[in-house]
Amino acid sequence: MPQSIQFSTPSRTPHLLHLPHSQFNRPLSSISFRRFPLTTIKYTSIRASSSSPSLSPDLDSSSSSSSSSSQVLLSPNGTGANERSVVATAVTTDAAGIEVDTVTEAELKENGFRSTRRTKLICTIGPATCGFDQLEALAVGGMNVARLNMCHGTRDWHRGVIRSVRKLNEEKGFAVAIMMDTEGSEIHMGDLGGDASAKAEDGEVWTFTVRAFDSSRPERTISVSYDGFAEDVRVGDELLVDGGMVRFEVIEKIGPDVKCLCTDPGLLLPRANLTFWRDGSLVRERNAMLPTISSKDWLDIDFGIAEGVDFIAVSFVKSAEVINHLKSYLAARSRGGEIGVIAKIESIDSLTNLEEIILASDGAMVARGDLGAQIPLEQVPAAQQRIVQVCRALNKPVIVASQLLESMIEYPTPTRAEVADVSEAVRQRSDALMLSGESAMGQFPDKALTVLRTVSLRIERWWREEERHESVPLQAIGSTFSDKISEEICNSAAKMANNLGVDAVFVYTTSGHMASLVSRCRPDCPIFAFTTTTSVRRRLNLQWGLIPFRLSFSDDMESNLNKTFSLLKSRGMIKSGDLVIAVSDMLQSIQVMNVP
Ligand SMILES: Nc1ncnc2c1ncn2[C@@H]1O[C@H](COP(=O)(O)OP(=O)(O)O)[C@@H](O)[C@H]1O
Ligand SMILES: C=C(OP(=O)(O)O)C(=O)O
Ligand SMILES: [K+]
Ligand SMILES: [Mg+2]
């Protein structure tokens with residue numbers, strides 16, 4: 001199949017350039033249009049929307065079907081320029097045949113392409129946010145992915161949330177993806193017998209025990225999920241609750257009970273995780289014999305498959321093997337590649353095997369909560385930067401998680417240090433930021449999301465204003481020749497977009513791969529990703545800069561562009577004169593044009 005680069009001038013006359021395969025052994029960026037005088041480039045004209053008066057008459061009939069009202073176009077969920085309530089507009093009988101959520105629509109109209117947020121936002125859903133209206137408020141506020149932590153809540157509870165999110169997507173045109181996070185074989189405390197928390201004071205002696213309680217929890221007593229706990233632990237060990245938020249020292253062992261002295265006071269939360277340090281280093285063998293995916297996790301995974309979640313985040317990944325195992329399990333049970341597997345990097349082993357784990361996964365999470373309990377805290381920032389860089393190099397989305405706005409669990413305003421931390425993750429160009437307790441059980445979930453949104457927007461703008469184009473050299477990753485061509489096309493498209501100052505890159509992608517390749521380049525302009533299925537659209541919502549739309553399209557780029565321009569224009573989401581670069585994975589083409 002000949003590869004084509006299409007170039008259409010601002011006067012809307014596109015030029016079609018056919019090149020033999022061999023030309024593509026060089027990066028596309030080295031293919032200069034100047035080397036091929038425009039006069040030798042065969043051109044075809046492209047038809048604009050039916051509202052354009054300057055169409056070539058010869059193409060009217062061939063493309064008039066492109067404004068058919070049966071076309072369905074779905075916009076992404078809100079980038080949250082405003083807090084007004086979302087009105088359902090999922091009306092396919094609409095004259096323009098568009099389904100779109102009003103948040104994105106309003107934002108694009110009011111602020112234009114460039115102002116859209118590039119960094120994606122994830123909210124952990126918990127008691128503070130599980131109601132339909134609360135979920136809707138988060139979607140309006142910019143939530144791209146809802147995370148369910150299977151450490152907490154029953155499957156019925158999680159099912160309720162999943163169904164509410166799905167309803168929200170169907171009724172209001174959002175594309176909020178669902179990420180299920182496995183519990184993993186970590187050692188954690190039991191619940192607190194109904195108490196929301198328990199305060200451990202300095203100098204108090206608490207009992208950690210593997211005994212089950214018949215009735216209510218005895219005072220200053222905590223149950224532990226790991227049967228071998230009392231045997232393994234030694235007097236003098238340090239016991240860290242929730243990554244060091246509260247600390248104890250083991251002072252005595254009495255059968256199944258372990259007496260511990262509180263050395264750093266704080267709040268104990270139900271099912272908080274526990275780590276152990278001995279002589280200044282983490283005791284790793286403690287859960288080394290436990291499988292990464294426990295039998296309870298496998299049941300949760302089956303539940304996730306049945307409920308059609310979009311991502312499964314695997315806790316305490318140690319090697320690529322477990323990721324490969326889960327991926328083949330999913331491939332056999334879910335309809336082929338529909339669930340993305342995210343590796344949580346939160347252990348020493350996962351740092352040791354980082355590249356192979358990320359290569360095997362569909363994305364990674366910098367799970368700083370547990371990571372900070374396994375390596376010294378001062379090493380966490382360097383680990384974060386390395387994980388973000390490896391993910392970018394290997395073209396996998398990366399999430400920065402835990403304690404971004406921890407103080408907002410209790411207070412309506414973040415600390416300056418928290419804002420600086422969020423800014424750093426945005427500046428590193430991570431794909432997504434995640435809220436945990438802030439949205440799950442905090443007092444100000446919407447405000448916390450607003451802080452992530454406004455800080456992301458501001459830092460992204462600052463970075464663009466400073467014109468700090470990144471010169472991160474992106475290593476070649478494509479294995480097949482076709483993959484290599486796609487990669488070069490996307491690299492070139494992003495470079496052209498920056499150099500020409502275009503308003504948006506349009507990418508037509510069936511699997512989503514081409515969109516991720518454009519996202520990887522982190523271009524200055526937003527990326528409109530058009531894909532044919534709702535599941536791909538939702539998964540794209542995790543990736544930096546992608547505004548995913550669902551659109552039925554063909555392998556005829558001319559008609560796809562006509563259709564897109566017409567649909568987006570009729571909703572006022574783009575306007576005549578906007579400069580766009582379009583790439584497609586079906587034709588492997590690049591086109592530059594003004595919206596007619
Ligand atoms: N589904 C849920 N049901 C009840 N509480 C939850 C749920 N999800 C999260 N939480 C609460 O939010 C806190 C922070 O969430 P997260 O960081 O995901 O969990 P953890 O602290 O266990 O690592 C949890 O400690 C828990 O108190
Ligand atoms: C995100 C994390 O995992 P979890 O909240 O499940 O402990 C973390 O440890 O930072
Ligand atoms: K978890
Ligand atoms: Mg963790």
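**View 1. The surroundings of ligand 1.** Of the 14 residues around ligand 1, the nearest are G126, H152, G153, S436 and G437; a residue is near a molecule or strand if its C-beta atom, placed from the backbone, lies within 6 Å of it. Sorted by class, this shell holds 5 nonpolar, 8 polar and 1 charged residues. Here Ala, Val, Leu, Ile, Met, Phe, Trp, Tyr, Cys and Pro count as nonpolar, Asp, Glu, Lys and Arg as charged, and the others, Gly among them, as polar. A word on what you're looking at: this is a predicted model, where local features need pLDDT of at least 70 and side-chain atom pairs count only at pLDDT 80 or more, while totals for chains, interfaces and linings use all residues. Residues are numbered from 1 along each chain as its sequence is written, and chains are lettered from A and ligands numbered from 1 in the order in which they are written.

**View 2. The surroundings of ligand 2, with S402 in the picture.** Ligand 2 has 13 residues around it, and A367, G369, D370, A401 and S402 are the closest. Helix α10 (residues 368-374) supplies the largest share of this shell, with 3 residues; helices (H or I, at least four residues) and strands (E, at least two) are DSSP runs, numbered from the N terminus. The class split around ligand 2 is 3 nonpolar, 6 polar and 4 charged. Now zoom in on S402, which sits in the loop between β21 (398-401) and α12 (416-427). Its phi is positive, at about 85°, although S402 is not a glycine. Most residues other than glycine have a negative phi. S402 is buried because 22 other C-beta atoms lie within 10 Å. The cut-offs: buried takes 20 or more other C-beta atoms within 10 Å of a residue's own, exposed 12 or fewer, and partly exposed is in between, with C-beta atoms placed from the backbone.

**View 3. Strand β18 and its two partners.** Every residue of β18 (residues 311-314) is buried, with F311 and A313 pointing one way and I312 and V314 the other. Strand β8 (residues 177-181) pairs with β18 in the parallel sense over 3 bridges, and D181 stands opposite A313. Strand β19 (residues 340-345) also pairs with β18 in the parallel sense, over 4 bridges. There, V341 in β19 is the bridge partner of I312. Pairing here takes at least two DSSP bridges between two strands.

**View 4. A seven-stranded sheet, plus a loop with an unusual phi.** This open sheet of 7 strands runs in the order β11-β10-β14-β13-β12-β16-β17, with mixed pairing. Its edge strands, β11 (221-223) and β17 (281-282), each pair on one side only. Further in, β13 (residues 246-254) and β14 (residues 257-264) run antiparallel and are joined by 7 bridges; K253 has V258 in β14 as its bridge partner. The loop between β15 (266-268) and β16 (274-278) is home to R271. R271 isn't a glycine, yet its phi is positive, at about 60°. With 16 other C-beta atoms within 10 Å, R271 comes out as partly exposed.

**View 5. Where domain 2 meets domain 3.** The protein is split into domain 1 (3-111 + 480-594), domain 2 (117-185 + 291-465) and domain 3 (198-285), with bounds from an automatic or database domain assignment. Between domain 2 and domain 3, the C-alpha centres lie 28 Å apart. At the junction, 8 residues of domain 2 are in contact with 8 residues of domain 3; contact means that C-beta atoms, placed from the backbone, lie within 7 Å. On the domain 2 side, α10 gives the largest share, 5 residues. That side has 3 nonpolar, 4 polar and 1 charged residues.

**View 6. Q543 and the stretch annotated around it.** UniProt, in an unreviewed entry, lists residues 487-586 as "domain: Pyruvate kinase C-terminal"; such annotations may be inferred rather than shown by experiment, and positions follow the numbering used here, with feature names shortened. Over residues 487-586 the chain is 43% helix and 22% strand, with the end C-alpha atoms 13 Å apart. Q543 lies in the loop between α17 (534-540) and β25 (546-551). It counts as buried because it has 26 C-beta neighbours inside 10 Å. Beyond its neighbours within four places in sequence, Q543 is in contact with K120, P397, D431, S516 and S519.

Definitions and conventions: Contact = placed C-beta atoms within 7 Å.
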